Amino acid sequence: MTDQNPRIIVEKNPSQDRLDELMFKSWPKWGCSPGKYHLKYEAEEICYIVKGKVKVYPKSSSSSTAASSSSLDAQVDWYVEFGAGDIVTFPKGLSCTWDVSLSVDKHYIFRHN
């Protein structure tokens, strides 16, 4: 089976030039407490994590069938981890679970290309 899961890109410790280029401080802010959150991205999102720590578990992109077939529709067994100071890009169409271990504050922007 081909890997059809969209890619999550994490930029660890971006340079000040990169942060200035994004102008993230003008973006809306969002935050959440520790817990698990199920999300689906209808557009690409770029965010700058101000504080917190997260593991994101992408879900399989396979379609559901009438009878649940194995674990294709469940979380995949890998995750992407990021935290304070990181820039993260979530692709359009991604379904995932955020497992937040430390409260998150982030600036974010959606790209509707």
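Begin by selecting residues 63-73, where pLDDT stays under 50 and where the model has eight contacts beyond four places in sequence. This is a predicted model, and where pLDDT is low, the predicted coordinates should not be read in detail. For the protein as a whole, the average pLDDT is 85, and 80% of the residues score at least 70.

Next, colour the chain by secondary structure, and you should be able to pick out one helix and seven strands, which follow one another along the sequence in the pattern β-α-β-β-β-β-β-β. If you then display contacts between residues at least 6 apart in sequence, 85% of them join residues at least 24 apart.

Now turn to the interior, keeping in mind that in soluble globular proteins, nonpolar side chains tend to be buried together. Select Ile8, Val54, Val56, Phe82, Val88, Phe90 and Trp98, which touch the most other members of the largest nonpolar core, a group of 17 residues. The elements that contribute two or more residues to this core are strand 4 (44-58), strand 5 (80-83), strand 6 (87-90) and strand 7 (95-111), and strand 7 provides the largest share, with five residues. With that core still highlighted, select Leu19, Ile46, Tyr48 and Ile87 in another colour, since these are among the seven residues of a second, separate core.

Finally, show the surface of the protein, whose accessible area comes to about 6900 Å², with 50% of it belonging to carbon and sulfur atoms. Of the 113 residues beneath and along that surface, 36% are buried.

Terms used. Residues numbered from 1 in each chain as written. Heavy atoms only, no water. Core = buried A, V, L, I, M, F, W, Y, C linked by side-chain atoms within 4.5 Å. Buried < 20%, exposed > 50% of the residue type's maximum accessible area, 1.4 Å probe, protein only. Helix = DSSP H or I, 4+ residues; strand = E, 2+ residues; numbered from the N terminus. pLDDT = per-residue confidence, 0-100. Contact = heavy atoms within 4.5 Å. Areas by Shrake-Rupley, 256 points an atom, 1.4 Å probe, with all protein chains shown as cover.
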